[in-house]
Every structure is written in C-alpha cells, then in structure tokens.
Amino acid sequence: MTSVKNNFLPPGLVSNLQEVLSSRKGEEDNSNDKSTEPSTCTSVENTSEAEENSNPIVLVTNGDGIESPGLVFLVQALVHEGLYNVHVCAPQSDKSVSGHSVTLQETIAVTSANIKGAKAYEVSGTPVDCVSLALSGALFSWSKPLLVISGINQGSSCGNHMFYSGVVAGAREALISGVPSLSISLNWKKNESQESHFKDAVAVCLPLIKAAVRDIEKGTFPKSCSLHIEIPTSPSTNKGFKLTKQSMWRSVPSWRAVSANRNPSAGHFMSNQQSLGIQLAQLGRDASAAGAARRVTTQKKNVEIESIGAAGKSDANRVKKYFRLEFLDKEHEDTDEDLDYRALENGFVAITPVLLSQHMETDIRVAASDWISSAALTGGQ
C-alpha cells in the first residue's frame, strides 16, 4: 500500500500518513536487497510493534491539567490493560472552567511529556485546543483515535456546570469532529475526598471504557452523543450505573470585591453584601483626579479596598476595581430521581448523554439506555 485514501480525513493527517507510508516503502525496498536473515531480537521487536500498531488508539485529555491525579491514574490503568495505544494531549495547567473556549490569534506551545507507556504532550491552551490539535493531524502522525476520553475531573460537572466545564468541552469537541467520546468527573468534596478515590473512580469507569471501545469497533456504540460520567464521592460503594438527564442546577455565582494592591490575589474579601454597598459608595467618593490611592479602613478585619485613578486620565470618576468570582453551594430543589445531580447524591454513577442537537434527544436517550444496560452486564468483555 503506497497511498492514502482521503475519506474526509484532515489534509495534515493525510500528508503525515503518506510520508509514513513512503518511508516504510523505502525501508521495505532496502530490506529486499539484503540476503541476511533477521535476528531473533529484531523479530520479537517487529512482532511487538505490530501488536502495538494493531491496538486501537485512545486519546486522553482533561481540564485539570496533565499532572492531575485523575488523568495520571486513568492513563496508568489504560496502559496497564495493554489493549490500547494510549496518547495524551492535555493542558499544561488547570483549565477546568474554561468551557468550550479556543485560543485564536495567539501561539500555543506544545511540549512532550514523560508518561510511561503513553505518547504524551502538554499544551499551553484549553482542553478544546488539545482535542482539536490532536485530531488535526498536525501533531500526531497517526489516524484518528477510536475513542477520546476527557478526565477524570476533580469536582462535579452536573447541570449547567456542563457549560462551564473544560472536561466536558474536551469530549464535546471530539463529538463535533466525529469521534466518540466520554467525559468523566469525580464528585470531589473538600475534607472528605482523598487522592486514592481517583484510583477507585478509574476502577469504576474502566469497564465502561472497555465496553465503549468494543462497541465502537462493532458499530453499536450510541452515535450523535458524548457520554458524561459522574462518579459519586465514594466510588467504591456506588449503587451502579444510571442513565440521567442534565438538570438546570448550578451553584450560586458570588462576585467579591478585593483589595486593589499590587497583588490582587492577596486582597481580602468583602464580608457581606451590606459592607459591599457601604465600601463601594466610599470608593466612589475617594477617587481622586491625581490617581492617588486611598484605602477604606472601616471594618479593617475583613474589608480592604483601594481606588486607583486610571493612569494618565484627568477624569476623577475613573477608578479601577478588583473582583473575584466564587461559586457557592445551594440547596437542590428538584426531586426528579433521573436528574444527574440527584442520582449522584443518591450514590449512583450518573451517565448523561451530551447532545449537539436537541431534536434527536428521545432516540439518543433510548440508544444510550440500551447501551448502558448492556455495558453494565458485560463490562467490556
């Protein structure tokens, strides 16, 4: 075989494959000119390489960064299985709430990463950048992966948090590109969860991953959707898999005014909404035409705000303010047991289809339900 059929593959990928094939043909021609028999060692190496090349490619990304334990433990388990060519393309730092953002008009850096048994790169961009780059053929000179896995994320991505979630966006980008995908999150809770829970989470979702690979190859994996898997806080005591619907739940966004000193991250949060109103009123009164900094000293324990006139501006009303966003937990009101967060709270592994088009929702839910039931019974066997 000396050529590559396009089959709607990206141009960069076709070019890379053609180069690889041309190189291999040259090596074959050279080997035909030699009369020596291959050594036993060479034969074993070729057999090993052939087995590796025959294994399906699984691409792993995430939102928490390439060094996060969720990704590390997942990749280790996939490599240990010996059934896949494992490739990693993940953000070099935490991009867990980057949503479906991409990097435009800026250059991103890609650096090889040392992950035993896998071919890995860390990227200075978002999870969507990572998946898009990996599937473009510009980074890896191999065919499309059979499956993209995004995770394991530290923290739930239920409800409307799916729109903020970088880990869900990575899987959604694969779906947009026509590659089946899974995203996985662990319902991490402060002062309760431990790093070892990620290993337990891997053990829970590994049978689903094996079943997905098997059924993608058979053509029976649900199409037109990505599956988002939410694992409860105590993975090893879960009550089983449950098909769920995306809820409307979200945490309450809370914007806090912080100090405007040279390092905004060192500033103190406002204590409550009442003090916020008082201090911002004082802030407006204290703004000076010369841009001099003035600090509010009332309620010194928990309030510290400066106002700074814009540099080079004579308008006394121009001030610079600093705020920080936090999400606060709130009580869940909906009692529908089929909603993602409700199933998660009840100890189930919640599996929610992520759709690109809502008009196919009923058909996809039926297909996903059938597949989950089958996967739970067979465990990828």
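Helices and strands here are DSSP runs, numbered from the N terminus, with at least four residues for a helix and at least two for a strand. With that naming in hand, let us walk through this predicted model. The chain contains ten helices and 14 strands, and 43% of its 381 residues count as buried. Among contacts with a separation of 6 or more, 77% are between residues 24 or more positions apart.

A good place to start is the largest pocket, which has a volume of about 990 Å³. Its lining is made up of 31 residues, and those nearest the centre are Gly155, Ser156, Asn187, Trp188 and Asp329. Four elements each supply at least two residues of this lining: β5 (147-154), α5 (161-164), β13 (322-328) and α9 (340-345). Of these, α9 brings the largest share, with three residues. Sorted by class, the lining has 14 polar, ten nonpolar and seven charged residues.

From the pocket we can turn to the interior. In soluble globular proteins, nonpolar side chains tend to be buried together. The largest nonpolar core in this model has 49 residues, and Val60, Leu78, Val88, Ile152, Ile209 and Trp371 have the most contacts inside it. Helix α7 (residues 196-218) gives the most to this core, namely twelve residues. Take Ile209 as an example: beyond its neighbours within four places in sequence, Ile209 touches Leu74, Leu78, Leu147, Ile149, Leu182 and Ile184. Apart from this core lies another one, of 14 residues, including Val123, Cys130, Trp142 and Val148.

Ile152 deserves a second look. This residue sits in strand β5, and a cis peptide bond joins Gly151 to Ile152, with omega at about 5°.

Next, consider helix α6 (residues 166-176). Ten of its eleven residues are buried, so α6 is largely enclosed by the rest of the structure. The buried residues include Arg172 and Glu173, alongside others such as Val167, Val168 and Leu175. Who provides the cover? Among the elements lying over the buried residues of α6 are α4 (127-136), β5, α5, β6 (181-186), β7 (225-231) and β14 (349-355).

What about the cysteines? The structure holds zero disulfides. Buried means under 20% relative accessible area; Cys205 has a relative accessibility of 1%, so Cys205 counts as buried. Cys225 is at 2%, so Cys225 counts as buried too.

Some loops are also worth a visit. Leu83 lies in the loop between α3 (69-81) and β2 (85-91). Its relative accessible area is 41%, so Leu83 is partly exposed. Leaving aside neighbours within four places in sequence, Leu83 is in contact with Asn55, Pro56 and Lys210. From Leu83 to Val58 there are 25 residues in sequence and 9.7 Å in space, C-alpha to C-alpha.

Two other loops hold residues with a positive phi that are not glycines. Gln105, with phi of about 60°, is in the loop between β2 and β3 (110-113). Exposed means over 50% relative accessible area; Gln105 has 85% relative accessibility, so Gln105 counts as exposed. Asn191, whose phi is near 70°, lies in the loop between β6 and α7. With a relative accessibility of 78%, Asn191 counts as exposed as well.

Terms used: Residues are numbered from 1 along each chain as its sequence is written. This is a predicted model: local features need pLDDT of at least 70, side-chain atom pairs count only at pLDDT 80 or more; totals for chains, interfaces and linings use all residues. Side-chain values use heavy atoms; hydrogens and water are left out. A nonpolar core is a set of buried Ala, Val, Leu, Ile, Met, Phe, Trp, Tyr and Cys residues joined through side-chain atoms within 4.5 Å. Buried means under 20% relative accessible area, exposed over 50%, partly exposed in between (1.4 Å probe, protein chains only). Contact means heavy atoms within 4.5 Å. On a 1 Å grid over the protein atoms alone, a cavity is a set of points where a 1.4 Å probe fits but cannot get out, and a pocket is an open set with protein on both sides within 12 Å along at least five of seven lines; lining residues have an atom within 4 Å of a point. Grid points are joined across faces, edges and corners, and a volume is the space filled by probe spheres set on the points. Ala, Val, Leu, Ile, Met, Phe, Trp, Tyr, Cys and Pro count as nonpolar, Asp, Glu, Lys and Arg as charged, and the others, Gly among them, as polar. A disulfide is a pair of cysteine sulfur atoms within 2.5 Å.
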